[in-house]
Amino acid sequence: FFPDRKNITGFFQTADTLKMTGKTILVTGGAGFVGSHLCERLVSEGNFVICLDNMFTGVKSNVQHLFDKPNFKLIEQDVEIPYEPPEGEHIDQIYNLACPAAPGHYQYDPIKTMKTAVLGTMNMLELARQFNARMLQASTSEVYGDPIVHPQVESYRGNVNPIGPRACYDEGKRAGETLMFDFHRIYGVDIRVIRIFNTYGPRMHPYDGRVVSNFIRQALLNEDITIFGDGTQTRSFQYVDDLVEGMIRMMNNEVGFIGPVNLGNPGEFTMNHLADLVIAFTASSSKTVHKEAPEDDPQKRQPDNTLAHQKLHWEPTVPLREGLKKTINYFKSIDFKKYTPPTKFY
């Protein structure tokens with residue numbers, strides 16, 4: 001919804017009392033899969049949370065349980081449009097998560113994806129500069145492209161095709177990191193940069209096009225499970241609660257560590273193995289079918305978490321089997337018919 005300025009002022013009269021124990025935090029992409037879990041955690045800790053989302057891949061139901069909280073506000077707006085806080089609003093922290101993350105959705109309108117990654121990040125950096133706020137940029141392991149260094153360390157500069165179909169996201173996120181560090185060097189903006197590896201868990205959109213959600217949806221419907229390529233390509237899967245913990249630790253570290261830092265689970269699994277686990281845990285009659293791998297699809301993906309462990313004392317704690325079971329239970333609880341695919345590519 002779009003609260004009018006009168007209502008926003010009212011919200012912040014309530015928020016002022018909360019600022020005694022918490023911060024005012026803006027989360028872009030806050031109604032998405034990861035963003036909603038982050039908002040929930042920040043609200044529970046007594047912060048006043050402004051959730052900004054254009055609802056392209058995010059859904060209001062992800063944050064609906066927060067609507068009656070006095071320290072939560074949802075604004076439906078695109079990050080390409082500069083956010084203009086109402087009079088009296090001060091922002092302490094910004095988590096910039098806004099951007100479609102699944103290949104089918106970010107390739108649907110690649111120019112829009114690039115604008116979100118670049119203009120959206122620039123708008124948030126200008127806001128951080130205005131309020132002297134700390135800003136965390138949700139970058140991605142896709143900045144490493146199809147890596148020739150394995151596992152991937154933060155010093156690795158990547159192997160990215162700048163003109164391929166994935167470039168709008170890969171290069172958009174790389175440009176976002178560039179903007180973060182340039183605003184830090186030139187204007188002194190207080191920044192934090194994380195590189196997120198494949199993440200899964202409850203509130204994934206059933207049609208978001210990512211491998212875990214696709215496999216689970218297909219298995220529960222007893223449809224063929226689609227594997228692109230021969231299934232020997234690997235990914236590392238982290239449960240969303242582990243990621244949120246890492247994000248908050250990175251944002252609030254006071255040792256001057258700005259990143260970039262990898263946040264991912266180093267357990268490495270083939271797509272074939274993941275499909276077998278999903279079929280077993282859902283007791284599905286689904287069979288696997290193989291289709292041609294998309295262009296520039298990475299063959300390996302695994303984080304080196306040494307830096308996160310050293311600087312943030314962070315390690316993922318949820319093993320894949322446990323996290324998959326929790327995610328499958330969530331998918332069993334929702335009605336797929338109530339969800340509209342963000343695009344036809346899922």
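The questions and answers below concern helix packing, nonpolar cores and one histidine in a predicted model. In this predicted model, local features need pLDDT of at least 70 and side-chain atom pairs count only at pLDDT 80 or more, while totals for chains, interfaces and linings use all residues. Residues are numbered from 1 along each chain as its sequence is written, and side-chain values use heavy atoms, with hydrogens and water left out.

Me: Is the packing of α6 with α10 roughly parallel or oblique?
Reply: Helix α6 (residues 211-220) and helix α10 (residues 320-333), both DSSP runs (H or I, at least four residues) numbered from the N terminus, pack at an angle of about 55° with their axes 10 Å apart. Axes here are lines fitted to C-alpha atoms over the stretch in contact, and angles run from 0 to 180 degrees between N-to-C directions. Angles under 35 degrees count as roughly parallel, over 145 as roughly antiparallel, 65 to 115 as roughly perpendicular and the rest as oblique. The arrangement of α6 to α10 is therefore oblique.

Me: Which residues of α10 meet α6?
Reply: From α6, the contact (heavy atoms within 4.5 Å) involves Val 212, Ser 213, Ile 216, Arg 217 and Leu 220. Their partners in α10 are Leu 324, Thr 327, Ile 328, Phe 331 and Lys 332.

Me: Which residues of α10 make the contact with α8?
Reply: The axes of helix α8 (residues 271-282) and α10 come within 10 Å and cross at roughly 55°. On the α8 side, the contact is made by Leu 274, Leu 277, Val 278, Phe 281 and Thr 282. On the α10 side, the residues are Leu 320, Arg 321, Leu 324, Lys 325 and Ile 328.

Me: Which helix gives the most to the largest nonpolar core?
Reply: A nonpolar core is a set of buried Ala, Val, Leu, Ile, Met, Phe, Trp, Tyr and Cys residues joined through side-chain atoms within 4.5 Å. The largest has 62 residues, and those with the most contacts inside it are Leu 38, Phe 72, Tyr 95 and Met 247. The helix that gives the most to this core, with 7 residues, is α7 (residues 240-252).

Me: Is His 205 buried or exposed?
Reply: His 205 is found in the loop between β7 (199-200) and α6, where β7 is a strand (E, at least two residues). Leaving aside neighbours within four places in sequence, His 205 is in contact with Thr 57, Val 59, Ser 213, Tyr 339, Thr 340, Pro 341 and Pro 342. Buried means under 20% relative accessible area, exposed over 50% and partly exposed in between, with a 1.4 Å probe and protein chains only. At 7% relative accessibility, His 205 therefore counts as buried.
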